[in-house]
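Q: Could you take a close look at one part of this model for me, the place where two of the chains meet, and then follow the charged pairs outward from there? I'd like one connected walk-through.

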4 protein chains.
Amino acid sequence: MKPKISEEYVQIDAVGWKPFPEAFSDGGIRWKLLHVSPERGSWTAIFDCPKGSSFAPHVHAGPGEYLMTKGKMDVRGGTAAGGDTAIAPGYGFECSGARHDQTSFPVDSEFYMTFLGPLTFIKPDGAPIAVIGWAEAQGAWG
Amino acid sequence: MKPKISEEYVQIDAVGWKPFPEAFSDGGIRWKLLHVSPERGSWTAIFDCPKGSSFAPHVHAGPGEYLMTKGKMDVRGGTAAGGDTAIAPGYGFECSGARHDQTSFPVDSEFYMTFLGPLTFIKPDGAPIAVIGWAEAQGAWG
Amino acid sequence: MKPKISEEYVQIDAVGWKPFPEAFSDGGIRWKLLHVSPERGSWTAIFDCPKGSSFAPHVHAGPGEYLMTKGKMDVRGGTAAGGDTAIAPGYGFECSGARHDQTSFPVDSEFYMTFLGPLTFIKPDGAPIAVIGWAEAQGAWG
Amino acid sequence: MKPKISEEYVQIDAVGWKPFPEAFSDGGIRWKLLHVSPERGSWTAIFDCPKGSSFAPHVHAGPGEYLMTKGKMDVRGGTAAGGDTAIAPGYGFECSGARHDQTSFPVDSEFYMTFLGPLTFIKPDGAPIAVIGWAEAQGAWG
């Protein structure tokens, strides 16, 4: 008989920020990995994004949902480019297959996000560089 | 050929709070429904919980994850009763099958939560009163 | 660090059929529970359904997918009533919120099904009688 | 208000087999794509695998479940190499992160499989060649 999964609680301000891997971001993004679900393949994190920082181009394998808790995020280039500009407090749903060539932070920002499945970081032509899911996130967080 | 699902963005402070159904809460809880995913059966909301408010007893069908953005929440009775006491900024994972006989707010509080599957509100003996998932949430939100 | 979930294999013909609970079926339905996923809240089973058997009315909380491996199943009353009549080999997708007032087998039949989330068995007015998910399925299987 | 997702039914023997892309398989594997779920990122197919055929090395992003309906499949090298050898009728659960360097069919075989998230086809060193999920499967099926 398989047991229920244990509940978890993280006191977020008691955990220190760590640098997010530079291979996948620019400008000093830091993060806290809050949860991984190995069975479902989901993971949850909060990101601290200084003014001028950005994430490298990637595709979401499954749906992702974020809560903007501070500042401003230009997703898919921001509203000016046909994407979204999230301003705290803001909520966003990113679909399975969402391609994020440009995700950037014009001011100091913070957001919380739940991911189902991995992110595929890509070259400009869409070819995969690395597939980062719960296991790789857990490994990078250490 | 099925298309990708559309991205969504909600400017949370541009949406008004609505009372959460009194059949399932006590003490003036208000909410904003942010998203429903009819295919996966998931939904996302933010809750405003005055001091002294509480949710009626329920069971989570699937996993739920919350971000405590303000105040304090006693889950499963709080730490004093073997549950968790979440203090902003705090993160919690509630499993498939988690039974929440007591969820209460000792101070004015706010939390954001993603739900996979419905909540079953229950009688003290565990018998189901109502099963509230994405469709019922959407209906209650109106 | 959380490990990967273990792979599983079941040699189906080496497992005996057990009666499916009579509270939720009629006419001698038997089943083999093949898998439960406690984290995701999913479960998988194969059902042996004699001619004239049926399932009690229920609602699917999350999506369900079936492969008809033998015989014939009238779902949602069958095609004559606006539902589907599955004939082996047939595949069906049932959505989150699908209500199955009538699921019956006009000939000896067998089908395999994956479920995300619980089934809510209901009274004619839709009120819940019992919510049967991975944990209850595992308990009934023993 | 978002509607429920439509139910679907496919009469499997009324659909013709198509060759599975040779970039990802060897020996004449054919398939029928039965369903895609764009929101959840899941997809379902049945595969016809002649004696001596095999799939190219890949990693499962999310969980996958199969029903062996005919023949025999050596997964992760087969039981002789520490993997599983599935013999019809057999059921298998493959986890998020399962790496399948060798999946081969010693006799004419057929299996049905549900996938959550994409498969990443990989080079011997694990580097990604292509990420194939519901959208790419739908595109390949045409």
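Which residues of chain B lose the most area to chain D, and how many salt bridges are there between chain B and chain D?

A: Keep in mind that this is a predicted model. Let's start with the contact itself. Chain B puts in 16 residues and chain D puts in 16 residues. Together the two chains bury about 1,400 Å², with 60% of that area on carbon and sulfur atoms. On the chain B side, the biggest losers of area are Met1(B), Lys2(B) and Glu39(B), which together make up 45% of what that side buries.

Now for the charges. General background first: side chains of opposite charge can pair when their charged atoms come close. Between chain B and chain D the count is two salt bridges. In one, Glu8(B) meets Lys2(D) through their side chains, at 2.6 Å from N to O. Another salt bridge joins the side chains of Glu8(D) and Lys2(B), again given as 2.6 Å, N to O. That pair crosses between chains: Glu8(D) sits in strand β1 (residues 8-11) of chain D, while Lys2(B) belongs to the segment before β1 (8-11) of chain B. Lys2(B) has a relative accessible area of 28%, so it counts as partly exposed. Recall that Lys2(B) is also among the residues that lose the most area to chain D.

Beyond the salt bridges, nine residue pairs are in polar contact across the interface of chain B and chain D, with both partners at pLDDT 80 or more. As for the elements involved, β4 (30-37) and α1 (134-141) of chain B each supply at least two residues of the side that touches chain D. Sorted by class, that side of chain B has six nonpolar, five polar and five charged residues.

Since α1(B) turns up at the contact, here is how the helix sits in its own chain. Its buried residues are Trp134(B), Ala137(B), Gln138(B) and Trp141(B). Looking down the helix axis, these buried residues fall within an arc of 100°, so they line one face of α1(B). The cover over them includes β2 (18-19), β4, β5 (42-49) and β16 (128-132) of chain B. So β4 comes up twice, in the cover of the helix and, because it supplies at least two residues, in the side that touches chain D. Just past the helix, Gly142(B) takes a positive phi of about 85°.

Next, chains A and C. The side chains of Lys2(C) and Glu8(A) meet in a salt bridge at 2.6 Å, N to O. This pair crosses between chains too, running from the segment before β1 (8-11) of chain C, where Lys2(C) lies, to strand β1 (residues 8-11) of chain A, which holds Glu8(A). Lys2(C) is partly exposed, because its relative accessibility is 29%. Glu8(A), at 19%, counts as buried, because the cut-off is under 20%.

What else does Lys2(C) touch, leaving aside its neighbours within four places in sequence? The contacts are Glu8(A), His35(A), Val36(A), Pro38(A), Trp134(A) and Gln138(A). A polar atom of the Lys2(C) side chain also lies 2.7 Å from the backbone oxygen of Val36(A). The side chain of Lys2(C) therefore has two polar partners in chain A to look at, the Glu8(A) side chain and that backbone oxygen.Stepping back, a search of the whole structure finds 28 salt bridges over all chains. One of them lies within chain C, where the side chains of Arg76(C) and Glu94(C) meet at 2.8 Å, N to O. Arg76(C) is in the loop between β9 (72-75) and β10 (84-87), and Glu94(C) is in strand β11 (residues 90-94), so the pair ties together parts that are 18 residues apart in sequence. Both ends are inside the cut-off for burial: Arg76(C) is buried at 19% relative accessible area, and Glu94(C) is buried at 1%. Over in chains A and B, a network of salt bridges links Glu7(A), Arg76(B), Asp84(B) and Glu94(B).

Last stop is Thr114(B), in strand β14 (residues 109-116) of chain B. With 7% relative accessibility, Thr114(B) counts as buried. Not counting residues up to four places away in sequence, its contacts include Glu65(A) and Thr114(A) from chain A, along with Trp43(B) and Glu65(B).

Notes:
Residues are numbered from 1 along each chain as its sequence is written. Chains are lettered from A and ligands numbered from 1 in the order in which they are written. This is a predicted model: local features need pLDDT of at least 70, side-chain atom pairs count only at pLDDT 80 or more; totals for chains, interfaces and linings use all residues. Side-chain values use heavy atoms; hydrogens and water are left out. Contact means heavy atoms within 4.5 Å. Buried area is the accessible area (1.4 Å probe) that two parts lose on being put together, summed over both. A salt bridge is a side-chain nitrogen of Lys or Arg within 4 Å of a carboxyl oxygen of Asp or Glu. A polar contact is a pair of N or O atoms within 3.5 Å; within protein, one must be able to donate a hydrogen and the other to accept it, and residues adjacent in sequence count only if both atoms are side-chain atoms. Helices (H or I, at least four residues) and strands (E, at least two) are DSSP runs, numbered from the N terminus. Ala, Val, Leu, Ile, Met, Phe, Trp, Tyr, Cys and Pro count as nonpolar, Asp, Glu, Lys and Arg as charged, and the others, Gly among them, as polar. Buried means under 20% relative accessible area, exposed over 50%, partly exposed in between (1.4 Å probe, protein chains only). The arc is that of the directions from the helix axis to the C-beta atoms.
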